[in-house]
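Trainee: Please take a close look at one part of this model for me. I would like to hear about the backbone in the loops.

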Amino acid sequence: MSTTDVDKGKHVGVLNTKNSKYSWLTFSIITITLWGTWGALISIPEQNNFPAELGFIMWALSMIVPAFFALKSVNWKLNTGKFSIIFGSIIGLLGGVGQLILYSGAIANGPAYLIFPIIALAPVVTIIMSLIFLKERAGVKGWLGIALAIIAVPFLNYSEAGAGGEHSGWLIFALLVFLAWGVQGYFIKYANEKIEAESIFFYMALTSLLLCPVAWLMVDTPMAANWHWDGAGLAFTIGLLNSFGALFLVFAFRYGKAIVVSPLVNCLPPIITSILSLIMLSVLPTLVVGIGMLIALISAYFLAFDES
């Protein structure tokens with residue numbers, strides 16, 4: 001069953017909690033938890049001889065699972081109008097292409113300690129576009145939270161120098177990912193005004209799958225990779241954390257302000273990643289990361305309880 005115009009007031013999905021004042025916060029917290037856990041585990045398949053590009057393919061396949069549950073929750077009512085298809089595909093392509101560029105371009109050629117602080121500032125793009133085009137506003141607490149989140153992100157993504165190469169093109173790749181994910185955040189919020197969140201996620205999953213052949217061709221000998229449970233199977237399982245997090249992110253944008261949701265879901269996952277790393281690997285966060293964690297927690301308080 002499909003539909004071109006869905007009455008959002010009669011939304012029947014199991015995730016419909018629009019009447020709850022802090023429903024956006026609930027979805028944001030779920031996203032933060034899932035993405036923080038994903039960040040702590042994402043490198044394991046690659047350590048088991050399963051390249052990151054192939055990991056992208058398993059992640060794209062994992063997107064099918066939350067897409068299935070999302071559409072089922074609305075009785076398989078998919079928005080099929082031109083606007084839905086175009087903007088759903090734009091959102092999916094921005095996210096998928098950003099991931100491909102990150103794995104194959106930025107990280108492969110540059111130092112992670114410089115790349116991730118740049119990419120993690122993507123909410124700045126979302127905030128600026130939302131202020132200009134969506135006319136969103138925040139209260140005093142909201143603006144304090146936004147400012148602190150932006151300050152916290154480089155601290156949270158800091159790592160010691162010396163890792164990664166120094167190829168001159170990494171900065172261009174990092175900036176492309178920064179722009180792609182920042183613009184994606186804006187379009188998720190914009191599209192949520194006219195498309196059901198479940199349909200947005202369906203098109204995100206579909207476009208991610210369409211990019212899989214590109215990721216396959218990026219690997220010299222893909223069949224030589226570890227396609228067993230500790231390689232491909234683990235990559236798929238870990239990908240589910242990211243996929244379900246992306247689904248809940250769409251709902252967070254639907255019910256909350258983009259200028260608040262975007263910095264919140266970008267500055268807190270690294271804290272969970274650091275805590276899990278401490279537990280699993282006995283790795284203590286550096287002083288710089290510790291400062292970032294404190295700033296992020298203060299930021300989260302202001303963002304969560306902004307009364308604007």
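Mentor: Here is a look at two loop residues, set against the chain as a whole. Bear in mind that this is a predicted model.

Start with the setting. The protein chain has 15 helices and two strands. It holds 308 residues, and 53% of them count as buried. Take the contacts with a separation of 6 or more: 91% of them are between residues 24 or more positions apart. The accessible surface comes to about 14100 Å². Carbon and sulfur atoms account for 71% of that surface.

Now the loops. Most residues other than glycine have a negative phi. Asn-49 has a positive one, about 65 degrees, and it is not a glycine. Where does Asn-49 sit? Its place is the loop between helix H2, residues 44–47, and helix H3, residues 52–62. Is Asn-49 buried, exposed or partly exposed? Its relative accessible area is 46%, so Asn-49 counts as partly exposed. The cut-off for exposed is over 50%, and for buried under 20%.

Move along to Trp-76. This residue is not a glycine either, yet its phi is positive, at about 65 degrees. Trp-76 lies in the loop that runs between helix H4, residues 64–73, and strand E2, residues 78–79. Its relative accessible area is 39%, so Trp-76 is partly exposed.

To put the two side by side: Asn-49 lies between two helices, and Trp-76 lies between a helix and a strand. Asn-49 is partly exposed, and so is Trp-76.

Notes:
Residues numbered from 1 in each chain as written. Predicted model: local features only at pLDDT ≥ 70, side-chain atom pairs only at ≥ 80, totals over all residues. Heavy atoms only, no water. Helix = DSSP H or I, 4+ residues; strand = E, 2+ residues; numbered from the N terminus. Buried < 20%, exposed > 50% of the residue type's maximum accessible area, 1.4 Å probe, protein only. Contact = heavy atoms within 4.5 Å. Areas by Shrake-Rupley, 256 points an atom, 1.4 Å probe, with all protein chains shown as cover.
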